[in-house]
Amino acid sequence: MMQGAVLNQPMGYSYLEAKYEGLSRRLPRLPLGDFPTPISKLDERLWIKRDDFTHIVYGGNKLRKLEYLLGDANVRGCDGVVTFGGVGSNHALATALHSRNVDLDCTCVLMRQRMTDFVETTLQRHQRNATALVAWPDNRAGRVAQMRGLRDAMPQSLAVLPLGGTSPLGSIGYVNAAFELAAQWREATPPERIYVAAGTMGTAAGLAVGLDLLGWPTRVIAVRVTAKSQVNRRAMDKLCAKISRRLHQADGTIAYRPTAAQRVDIRDSFFGDDYAHATAESIAAVAHAKQAWSLPLETTYTGKAMACLLDDLRTTQSQSPWLFWHTYNGRPAGYRPALNDDYSAFLSLCSSD
């Protein structure tokens, strides 16, 4: 049963701003996505929120963050943006594609990562988009020089977008998403748990702050898919508090509530050996989702979140509804050109072990 279509709101509608009108004046946002994304029922007690469909060309969870980050760059009169990620980064590609749509130049600084099935496809889409790619230097002096060069190349100003689009500003996209979910939800009680992959924590933290504002008792199960230095209790506490403070500063009617992170449970045991390591559990979860629900997942992010959910279903006695938040792009790649030398060179940044 699909429920996303029950809300026929105009392009650019914000569920958060409908509640707190002062936000639109202080937090400029560029409408980019196809919202609301649908929710559907997978089985008797399991629901899914389809943020893989946030855009008809390239979806995923990054678009909600980019609405605020690119909106801020636009109002500041920036000529372009620079952002960061692994060679196969969903965030880097989403930023490149959607920056072009709003006439902002984009440079993606790519870092080393493990080779996955999606790396070459990602580079092919960058090539088709004519994205400016540069490699992240291995030493600090090189990084400083690179950033200075990128800044100096811009006629006016350069907006630096954080890894994964995660910042107090970008994460407000998922506060809005929590309010969107509340407008769609038709069950007698809110979901007991929301399962989501946690790479830079912006999605999980934004949801936690939004759920806190709504007064829902829902727990956010943040399944760690990156190094513990990026996803940890202390960092989650700080990020949620900063999101709440940013909202309060933009609209004083929103109470500053620094404790929203208390509703987040960080789960570490499904990470594997390294970022992008396809664990046996994530491979099995991807296969199960495809067979049981015709649901496309991948092993780096959504497969690990689903593996955690499936394990909890087997070991936890509960009849309350749970919700899986699908965060990876679900749109097909389309035409994939053979990589030329400029783009294929970035394959050397990937390791196979």
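Before I turn to alanine 188, I should say that the helices and strands I name are DSSP runs, numbered from the N terminus, with at least four residues for a helix and at least two for a strand. With that in hand, alanine 188 can be placed in the loop between helix H7, residues 172-184, and strand E8. Please keep in mind throughout that what we are looking at is a predicted model.

Let me stay with alanine 188 for a moment. Its relative accessible area is 82%, and it is therefore exposed, since exposed means over 50%. If you follow the chain from alanine 188 to proline 321, you pass along 133 residues of sequence, and yet in space the two C-alpha atoms are 9.8 Å apart.

Next, I would like to look at one helix in some detail, namely H11, which runs over residues 302-315. How far apart should the ends of H11 be? At 1.5 Å a residue, its 14 residues should span 20 Å, and because the end C-alpha atoms are indeed 20 Å apart, the expected and the modelled values agree. H11 is also mostly covered, with 10 of its 14 residues buried, and among them are Thr302, Gly303, Lys304, Met306, Cys308 and Asp312. What covers these buried residues of H11 includes several strands, namely E2 (46-50), E8 (193-198), E9 (219-224), E10 (264-267) and E11 (322-326), together with helix H10 (280-293).

Now to the empty space in the model. Rolling a probe the size of a water molecule over the atoms shows where empty space is left. The largest pocket has a volume of about 650 Å³. It is lined by 39 residues, and those closest to its centre are Gly86, Leu163, Thr226, Tyr275 and Tyr301. Several elements each supply at least two residues of this lining, including helix H3 (62-75), strand E3 (80-86), helix H4 (90-101), strand E4 (105-111) and helix H8 (202-214). Sorted by class, the lining of the largest pocket holds 17 nonpolar, 15 polar and seven charged residues.

The second largest pocket has a volume of about 330 Å³. Of the 20 residues that line it, Phe118, Tyr328, Asn329, Gly330 and Arg331 lie nearest its centre. Which helix gives the most to the lining of this second largest pocket? That is H5, with three residues, and H5 covers residues 119-129. By class, the lining of the second largest pocket is made up of eight nonpolar, nine polar and three charged residues.

Besides these pockets, there are three cavities of 30 Å³ or more. The largest cavity holds about 80 Å³ of space, and the residues around it include Gly88, Ser89, Asn90, Gln113, Glu298 and Thr300. Phe118, Tyr275, Tyr301 and Tyr328 also line this cavity. You may recognise Tyr275 and Tyr301 from the centre of the largest pocket, and Phe118 and Tyr328 from the centre of the second largest one. The lining of the largest cavity divides into four nonpolar, six polar and one charged residue.

Let me turn to the cysteines. A disulfide is a covalent bond between the sulfur atoms of two cysteines. How many disulfides does the model contain? The count comes to zero, and two cysteines can show why the sulfurs do not pair, given that a disulfide needs them within 2.5 Å. For cysteine 78, the closest cysteine sulfur is that of cysteine 106, at 12 Å, which is too far for a bond. For cysteine 106, the closest one belongs to cysteine 108, and although the distance is 3.9 Å, that is also too far for a bond. Cysteine 78, at 8% relative accessibility, counts as buried, and so does cysteine 106, at 12%.

Finally, a few places in the backbone deserve attention. Phenylalanine 35 and proline 36 are joined by a cis peptide bond, with omega about 0°, and proline 36 sits in the loop between helix H2 (23-26) and strand E1 (39-41). Aspartate 103, in the loop between H4 and E4, has a phi near 60°, a positive value in a residue other than glycine. Methionine 201, in the loop between E8 and H8, likewise has a positive phi, of about 80°, although it is not a glycine. Are these two residues buried or exposed? Aspartate 103 counts as exposed, at 73% relative accessibility, whereas methionine 201, at 5%, counts as buried.

Conventions: Residues are numbered from 1 along each chain as its sequence is written. This is a predicted model: local features need pLDDT of at least 70, side-chain atom pairs count only at pLDDT 80 or more; totals for chains, interfaces and linings use all residues. Side-chain values use heavy atoms; hydrogens and water are left out. The expected span of a helix is 1.5 Å times one less than its number of residues. Buried means under 20% relative accessible area, exposed over 50%, partly exposed in between (1.4 Å probe, protein chains only). Contact means heavy atoms within 4.5 Å. On a 1 Å grid over the protein atoms alone, a cavity is a set of points where a 1.4 Å probe fits but cannot get out, and a pocket is an open set with protein on both sides within 12 Å along at least five of seven lines; lining residues have an atom within 4 Å of a point. Grid points are joined across faces, edges and corners, and a volume is the space filled by probe spheres set on the points. Ala, Val, Leu, Ile, Met, Phe, Trp, Tyr, Cys and Pro count as nonpolar, Asp, Glu, Lys and Arg as charged, and the others, Gly among them, as polar.
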